[in-house]
Each structure stands twice: as C-alpha cells, then as structure tokens.
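Me: Could you pick a single part of this chain and look at it closely for me? I'd like to see how it connects with its surroundings, and then how other spots in the chain compare in kind.

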Amino acid sequence: MWRSAGCQLVCPRFLGGRRDLVKRHVRTFLSTPMPEVTQMNPNIKSYEELYQFSIEKPEIFWRELANRLEWQSPFDSVLEGDFTQGVKWFTKGKLNVSVNCVDRHARTNPNAVAIIFEKDEPNQHELITYGELQKLVVKYASILRTVANVKKGDRVAFYMPSSPTTIAMLLACSRIGAIHSVVFAGFSSDALASRINDAEASVLITADVVVRGGRSLHLKKVVDEALKSTPGVKTVLVDARDGSNSTAAMQHPRDIFLHDLDKTDSTNDVIEYVDSNDPLFILYTSGSTGKPKGLVHSSGNYLLYTMVTHNQVFDFHPGDKFGCVADIGWITGHSYSLYGPLANGGTTLLFESTPVYPNPGRYWEMVERLKLTHFYGSPTAIRLLMKSGTEWVRKYDRSSLRILGSVGEPINREAWTWFNDVVGEGRCTLVDTWWQTETGGVALSPRPSAPNAPIEPAMPMRPFFGIKPTFAGDAAANEGPLCVEKPWPGLASSIWKASERFKETYFTQYPPYYFTGDGAVKDSNGYWKITGRMDDVINVTGHRLGTAEVEDAIGKHSLVSESAVVGYPHDVKGEGIFAYVVLKDKGKKMDRSEIEKELRALCKTKIASYAVPDFILFNSGLPKTRSGKIMRRILRKIATGETMKELGDISTLAEPAVVEKLLKSRANLKN
C-alpha cells in the first residue's frame, strides 16, 4: 500500500518531496499550524498570503494537504476541468473513507474515544473508542455484503437517528464502496419513499424507535408505509433500541433485526478502494422546484475538505471534544459529526435529544458533564434558549468551551451577542459559518485568520482557503448574488441522475461562476455577510425548504385551485411559512377551518412537520402580472404586515383589486 508520510494533525514533521522548499521550523501564524505551509512556499508569512496562494496555486495547495489522507494508490493530477466542463479532483488516486476515518486511528491509538453518544436522558452517555468503532464497521460491512448483497456502487438508504449504529453503518457502506443516502428521520413516509426511489436504493437501514425529548417516535411504522411504494427495496435492516424486546412489526424475509445477525462472520474483512471521484453519498436538499435535489459528494475530495475545514475553522487539536448537535440527516451532521472529526482522529458528539429536554439547560449541563471544548449549533436553538433567560446557562460550568459555532442560517446580532456573551462568557471564539449542502463544508467563516484578527458580530466574514467569492463577476459590486469563481474540493459533483439539472441550477445563471442561490453584502473592510436566499427556498429552523414543495402538497387537496407560499421573518425559527390559498367554487361554500386543518395535515404527511404553514390565508385570487406570473414580492410584503403604501407599484398587475382583498384578509388574520 502507498501511504502519505503520516503527518499528524499538528505534527512538526514536514511531508516528503520538494525538499528545496522545506524549512526547519513550522510557521505559527495560524492558530492551528499547517506543517505543509513551507512545503507549498517558504516565503508565505501571513494568513493573507496563504489564502492568496490557495487561490492562485490550488494544485500545489491541495496537493500538499491531500497528503494528510492515506491513499492506497497515489493520485495523478490534483485538479482537472472547470465549472463549464466539470471538475475532477485527485484523478487516479484510490483510497477508502472508512480506513481514513477509523482504521488508521485504531492502529495508532485504539483506546482513544471516537464517539460520545449523548442519549435522550441526561447522564446516560456512552463512549465508543476507535478500536470498538473499527470492530463495528467491519461487522456491519460484512452484514451488508453477505446478508444484504450490497456491492460497490449500490445505494443504501438510511432512515435513522444520530447514533453509533448509524455512524458505523455509514462507514461500513464506504468500506465496501456502497453509496449511502440518509433521509432525515422526521420526514414523512411520502418524502422517504420519493428519495428511496430516486436513489434506486435496494437496502434500507432504520430503527424501530427513536426517543427524542422524552417521546418515542416509531420510525419502523413510517418505513412500512413508505415501502408500500418502493418496489426496489429488497432488504430492511432494523436497529432495535430495546434489542430482542422490540415490538416492531417485521415483514419476513425482507425485514431483519441487526441483533439477529450478531453471529455473522466478520473475519473476512473486504476493503473496497475507490477512485477519489467515486460517489460517497447522496443527500437530498430542497430546490426552487418541487422535486428535491439528490446532491452527490465524491469520496476523496469531500473527505479532504471536511477534514481541513474542521481542523482550521474550529482550531481543532488532539484531545478536543467536538460538540456538533446537528442531526445526521443533514449535511452538517455528515461533515462535522462524522467525516471531519473522525478523519482528524478526534472525539465527536452524537446528540439524540432536544435543546429543551428535560429543561432549557440541557446543552450546558452536557457541556459541563462531558467537558466539551466545542459547541456547534443553530441560531434557531439559540433564539429558543434566549427566551428562557440566562440562569439556565450560568447554572453550569462552561469553562471547557473554547470555540462556539453557528450554522444553518444567518444569525441575527441579538442572538450572536447572547451566544457570545452569555454562553461563551466573552472569552470563546465564535465562528458564524456559512456553507451549504452543495459546498460540502464551511465556505465563509471568521476563522482561520491571523491571530487576534477581529471578529464582527453576525458575519461569516472571510472566505476559506480556495474559496473566491464574488458578485456575479462584478468586481466593483458590494452587494448582490453570491457566486464563487473557482472550484474547491468540497463542492458536490452532480445531482443524482440529473447532471443537466446540476449545470442549469448552479452554473448557467452567472457563467462561468458557481451561483450559491444566496445574496450577500461586502462591507468597507472586505468582510462578507449573507442576506438570505434569492430563489424560492426558505430556511425554517435551519432546514432548507422549497416553497414549491409546500405548494405541491397543498395542491393535492381536491378543493384547492391554486396556492402561493412565501417565507416571512420569525423570531425563533428564522423564517416562517405563509401560505396563500385560492379555493375552487365548491370549497368556497365549505367550512374553511376544516379545510385549513386538512391542508396542514397534508403538508405534514407529504413533507414533514416543519413544513406546516404558520399562516394560511384564503383569498379569491393571487396578484399576477398580465402574463400570469405570481408577484411573490407583493405576497412577501403582505405576509410581513406591510400596508398598501409600502407595497410599491402595483399598476402592472392584471387585477390590482386582488391586493386590496389580500390586505384586508391579512389584517383580519392578524387580529
């Protein structure tokens, strides 16, 4: 096996090759030293110079960092192609993700803690070492191969909570070259079925029950309903929370409890080494159309990017305990509960519960008990906890915390200040991170930077290495659509079975750049701030939700003629959902309160509970242009309670009187 020189996270040894550039001492201008820096260029003396080097010489920059991974065979070229023709990273290089995340650490330090599993009830956490995790991964890989007949390239769907079994099973997929597709264990059976069918998964891994916030959620029942319309699924592996005492209904021979497979022979450990550009996983995210996008992330480049961003953005050192509380069903759970921390040989948290169970002090009691050094959470949770006051925070010792992080949506200044001053006591570094399912990892963040560089409240501020943001090619602009000029390793490689949609969505609006879909502003200091989505995607409690998805669910009601859904500012959730509905003539004569209940139920059933509208406003029509386009700008303003004077010009509407009716209905709804 060909291997890198084995440089550890902050090891002072330099990697081999290009000896003429190697200096005796590691430069220390970064809080987490990058021993590869002098290997890249001995003249780099500041963060700004290193960042510029990453933009101008990406092949050299990422080549040196790629040596942090263990390669079974060396890669040839670092970067091929561009946004217009497609991008390939580390071509001809072969590796195995599970080996990089588990085996190499189990070899050197098998007793180091890999996972802290924080269960729903406080003080019931479990610790899993790298040695133990390796045994689990090998066992589950054997089960997937021999029992479920999974082969390289097959898709395995997951409908699981954040748990050690989930992590081990995901890594087991990568061990045998299978592609995993995790569906958030809160989506409805319809949403689950559609994602399984799109990925053409033949195997589904689930749990009988998940306990969250003191309540039991029967995942297997949702699965059974979904599988009525997923003919491709041949095997369902079920993780029973109570083992042999599980009461979940099983359909034999399709359904198999994992505990019934404990005696499966796992001595024949088969490791499938894959090309760096081979898919690692598919993860679905909402788009501006009703159909979710199955974004594909590749193996080597994605793993490298999550590894480096986890190390650098969060100033991660050996011995740290990284507390990301995101669910594994989202990209944050993938990148910063699983792949980034484990690739770095770190200790990562899996959080099963909720921020307020059994009380609003849950996070901070956990920090005290587990001595977490990092806490990475969402603005939605912070705003929710703010309402409970400071006593639930100050009750617990948080002196172990060194880094705080915010993720999922732009954080408002009030929440940032509370997070920084109350939770972090003004002594922790608070990184407000901006990134997307598409980017794979953090793209904008206050760190890394030069030591003592300023951090501005509620701004991600600085681009990460290799990320060159711009405003659609206009170098003089300081506000507008946020684009990225050059490729970076974390970027998704495609949309599953829809490569043309991938190109059209991200690379045709502002060619030749990648369009993020977000708007941004850049201040006089050159710092970046995200203003929000520019398409019809809203961010509800950190979850991206296409308004078309909600409209599609509402449109399935037999009495609905048409609908329009917009987002509006929400004190806790960030954005709420406001639905405008036009009923058919038959529906106008019926009890609207009953129809409203049915519409809410449809949104929950077809998508998830967070997709249920906060407000549903019935009206005789919607504001449209003479060409029939719905004026969502007007609907957004009406949703926020603005008056006719604040709506602007409505003379281009086909029926301006519709707006007056909407304003009157909105006022009554508010009252």
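Reply: Happy to. First, a word on names: helices and strands here are DSSP runs, helices (H or I) of at least four residues and strands (E) of at least two, numbered from the N terminus. Please keep in mind that this is a predicted model. As an example of the naming, T437 is found in the loop that runs between β20 (429-432) and β21. The part I would like to look at closely is strand β6, which covers residues 155-159.

How well covered is β6? Of its 5 residues, 5 are buried, so the strand is mostly covered, buried meaning under 20% relative accessible area. In a regular strand the side chains alternate between the two faces of the sheet. In β6, R155, A157 and Y159 point one way, while V156 and F158 point the other way, and all are buried.

Now for the neighbours of β6. Strands of a sheet pair through backbone hydrogen bonds, in either a parallel or an antiparallel sense. Strand β7 (residues 179-182) pairs with β6 in the parallel sense, over 4 bridges. Along this pairing, V156 stands opposite H180 in β7, and F158 has V182 of β7 as its bridge partner. Strand β8 (residues 203-207) also pairs with β6 in the parallel sense, again over 4 bridges. Here the bridge partner of Y159 is T206 in β8.

The route from β6 to β7 includes a helix. Together, β6, helix α6 (residues 164-175) and β7 make a β-α-β unit, and this unit is right-handed.

Stepping back, β6 belongs to an open sheet of 8 strands with mixed pairing, in the order β12-β11-β8-β6-β7-β14-β15-β23. The edges are held by β12 and β23 (494-495); each has a single partner strand, so one side of each is left without a neighbour in the sheet.

The β12 edge is worth a stop. D255 lies in this strand, which covers residues 255-257. Is D255 buried or exposed? At 1% relative accessibility, D255 counts as buried, because the cut-off is under 20%. Its side chain has polar company: a polar contact of 2.6 Å joins D255 and R254 through their side chains, and a polar atom of the D255 side chain lies 2.7 Å from the backbone nitrogen of Q251. Beyond neighbours within four places in sequence, D255 is in contact with K220, D224, V236, A249 and M250.

Other parts of the chain add to the picture. In helix α2 (residues 47-56), the buried residues are Y47, L50, Y51, F53, S54 and I55. They pack against α1 (37-40), α3 (58-66) and β21 (469-471).

That brings back T437, in the loop between β20 and β21. T437 counts as buried at 11% relative accessibility, because that value is under 20%. Leaving aside neighbours within four places in sequence, T437 is in contact with L283, T285, L295, H297 and I331.

For an antiparallel case, look at strand β24 (residues 514-522) and strand β25 (residues 528-533), which pair in that sense over 5 bridges. G519 stands opposite G532 of β25. Their hairpin has 5 residues between the strands, and there G526 takes a positive phi near 85 degrees.

A last local stop is L545, in strand β27 (residues 543-546). At 0% relative accessibility, L545 counts as buried. Once neighbours within four places in sequence are left aside, the contacts of L545 include S286, V550, I577, I607 and Y610. L545 and E594 are 49 residues apart in sequence and, C-alpha to C-alpha, 25 Å apart in space.

Finally, the whole chain. Its secondary structure comes to 20 helices and 30 strands. The radius of gyration is 25 Å, close to the 26 Å that the globule rule gives for 671 residues, so the chain is as compact as a globular protein of that length. Along the principal axes, the C-alpha atoms fill a box of roughly 75 × 65 × 55 Å. Buried residues make up 60% of the 671 residues. Of the contacts with a separation of 6 or more, 68% come from residues 24 or more positions apart. The chain exposes about 26000 Å², with carbon and sulfur atoms supplying 49% of it.

Conventions
Residues numbered from 1 in each chain as written. Predicted model: local features only at pLDDT ≥ 70, side-chain atom pairs only at ≥ 80, totals over all residues. Heavy atoms only, no water. Buried < 20%, exposed > 50% of the residue type's maximum accessible area, 1.4 Å probe, protein only. Pairing = 2+ DSSP bridges. Right-handed = clockwise from strand over helix to strand, strands pointing away. Polar contact = N/O pair within 3.5 Å; in protein donor to acceptor, adjacent residues only side chain to side chain. Contact = heavy atoms within 4.5 Å. Rg over C-alpha atoms; globule rule 2.2 N^0.38 Å. Areas by Shrake-Rupley, 256 points an atom, 1.4 Å probe, with all protein chains shown as cover.
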